[in-house]
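Work through the exercises below with the sequence and the 3D structure at hand. Try each task before reading its solution.

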Amino acid sequence: MKNKRFAIIALMPLLFSCTGDLINPNYVKEMTVSGDEDFNVLQFTDIHWNYSTNIKQASAFLTNTVNEAKKRAGHIDLIEITGDSVLVANKKIATTLYDLVESWGIPWAFTFGNHDYEGEWSEAWMNNLVSSSKYEHALLPEDINKADKVDGFSNYVINVKRGDKVEWQIYNIDTHNLVEEGGSYDYDYIHPNQISWYEAQTDLAKENNGGQYVPSIAFFHIPPTDIYDFEKDGTLVGGIKDEKFCPGEHESDFVKTAKERNCRGMFFGHDHSNDIVWKKDNMVFGYGVKANTELYSTQKDGIDITGGAIYSLHKDTGKFDLEHLIIDYDAPEKGASTLTWKEVNL
Amino acid sequence: MSKKTLIAFLVEIALYIIAGLAFYQGFHYFMADVDGFKHILKVGPMFLSCFMLTYLLFAYYYLTHQPNEEKRAKTLKVNGLGFIIGGGLLLVLIIVNLILGNYEFGYNSLIFPVDIILIDVVMLALGILITVKKSWVLEKIPVICKEYSKPKWVVIVGRVLGFIYVWVAEYFLAALLMAPTYIDFGTPTFGHTIPLYILMVFMSLVLFWREFYLAYNKEKEMDKGVVKGITIASLCFATVIGIGVLVTDLLIGHTYYISHNLQCILPIDYMISKNIGPRLLTLCPMIALWFNFIGSKTCMAKANKQKETEPLS
């Protein structure tokens, strides 16, 4: 018994150090919302700037989309860039993109996608750039993801507070890149240690919320394999499916865990020709809208399925509105097209 | 080795390195638009201009490795014309893109698009020089290898494999030279990439050695160099096998080390989701060593011996 006690005491620093890795305060960013207003998030995904991109046109398109989103929602509080913001490019092109995002003066969050490391830079360079003090509005935490035991560079949470209360949590999860399997590459997935990290964060928020899990939404790049269940059993919310799904090859418990912890929505990118969204078991799950035509994209009724997705998180209820803002890439002056769809109180 | 041959050898190496750096950049331009070539008018002149320097390298190679004067003159004539047409056409396309506002200054490189314009101007000027002063050029550029009696299959296979090998080798040498832009000594798996960096430089070293070997033996009897060549080549062959085994072992044990460290230099791997880069780096030098120093030299030595023993008729 004495030995057991000793063993537990001896292991305590180790246990604390492990937990410390998972609940480091640097993982958490805070934003506030006042009055009865919604907290509006604009998601951009798969921007894919590269050597062939017409930077002027692409910049004008993104800025125009932000302006259109502001008109629709009244204001945008946060921009979420869910991976593949760049492709085969150099540092100048990548920096130009993030300078543009910063110039909008709106806080912006960022997760990595599988194409983000194809440019002529290292992972550390990209991570340091986006989390650097140069970008005052960028929320990616500096340093924390480099030295911890949680896989990936872009795991962090934004607590949206109204007064003293955390009303919503917005999770950014790194779905990494590719994993080698016997000579070929498969898309990566949300690893078990990231799920442990997520559990630690939600538990921490629960403790400070009277024992109730705080409603949350999660953003990442590569869809999980659960997408097939949502397609099969979920209720269609909106959008189109114009290509086969390309989820991570490994099954992950992330969706199951998140459902148990009051996660109300999960949104991703990766498959450029899909912007379909479903609802199942009190969770909304689906794609954002590709924010450029680079690499490949799709059209409907002659209009590019390009633009952004707006999430309006409501006060108290744990419900939100979702709108896909679709703007023809080659004719942004037309404004938001008739393909725009909206669902309220999801 | 004469001074003239040595200079020609050094020019070839310098041209190889410059062409490699341009090829590396051009390949990335190409890969940026490879899915459907939607921006081919814009990107086409960019990557083709970069590839022109590799064309110049091949032309120089054939000129310096062709002892037959008649064939040398023909090679020079054809390639001079090629430089004029290629360089001229690309310059026109670049001007069209400039007028259309497709090229934004300074984005794709520090001086873009001045760099690709310079390449095409140089190619055009070289083409004109070659066409106007053919004899002078022929006189100035020496032959750095002697004519050996090679079996026909060696010549054909050598040319095909040679093209592929040079593309791969110059790309990876340039990738290594460009490492300061993407290398991160801080990643936990950086050490695992070292064997691949060795293979990257090894591919070009095999080429340099081959060229030096040919130039060095130009004034000597081939047979004398054969045994030495085969011995060194065999040692290198074994080294490559050893590194190749190490790379494979690391791939099995550390599945993320390539995607964490080398993704930007292996775009094809990520496009087709196959891990071909490390295999190319291992297989190519092995094939080259066998083909240039072990297989073909043994074959040539055998042919020469047979010739000597044949009764005079």
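**Exercise 1. Find which residues touch the most other members of the largest nonpolar core, and find which helix gives the largest share of this core.**

Solution. Begin with the core as a whole, remembering that this is a predicted model: the largest nonpolar core holds 158 residues, and those that touch the most other members are Ala218(A), Met266(A), Phe23(B), Cys50(B), Phe172(B), Met200(B) and Met203(B). Next, ask where the members come from: the largest share, 12 residues, is supplied by H2(B), and domain 1 (1-144) and domain 2 (148-305) of chain B each give at least three residues to this core. Then look at one of these members, Met200(B), which, when residues up to four places away in sequence are not counted, touches Phe172(B), Leu173(B), Ala175(B), Leu176(B) and Leu281(B). Finally, keep apart a second, separate core of five residues, among them Ala8(B), Phe9(B), Ile144(B) and Ala215(B).

**Exercise 2. Describe how domain 1 of chain B touches domain 2 of chain B.**

Solution. First take the bounds from the domain assignment, which gives residues 1-144 to domain 1 of chain B and residues 148-305 to domain 2. The centres of these two domains, taken over C-alpha atoms, are 24 Å apart. Now count the residues in the contact, to which domain 1 of chain B brings 17 and domain 2 of chain B brings 16. On the side of domain 1, helix H1 (residues 3-32) of chain B makes the largest share with 13 residues, and by class this side has 13 nonpolar residues, three polar and one charged.

**Exercise 3. Describe the side of chain B that touches chain A.**

Solution. Start with the count: 34 residues of chain B and 28 residues of chain A take part in the contact. Then sort the side of chain B by helix, where H1, H2 (40-64), H7 (179-182), H10 and H11 (267-272) each supply at least two residues, and where H1(B) has the largest share with four residues. Last, sort this side by class, which gives 13 nonpolar, 14 polar and seven charged residues.

**Exercise 4. Explain why the buried residues of H4(A) are on the same side of this helix.**

Solution. First list the buried residues of helix H4 (residues 123-130) of chain A, which include Glu123(A), Met126(A), Asn127(A) and Val130(A). Because these residues cover an arc of only 95° around the axis, they are on the same side of H4(A). Then find their partners: the buried residues of H4(A) pack against helix H3 (91-103) and strand E4 (108-111) of chain A, together with helix H10 (257-261) of chain B.

How values were computed:
Residues numbered from 1 in each chain as written. Chains lettered and ligands numbered in written order. Predicted model: local features only at pLDDT ≥ 70, side-chain atom pairs only at ≥ 80, totals over all residues. Domains from an automatic or database assignment. Contact = placed C-beta atoms within 7 Å. Nonpolar A, V, L, I, M, F, W, Y, C, P; charged D, E, K, R; others polar. Buried ≥ 20, exposed ≤ 12 C-beta atoms within 10 Å, placed from the backbone. Arc of directions from axis to C-beta. Core = buried A, V, L, I, M, F, W, Y, C linked by C-beta atoms within 7 Å.
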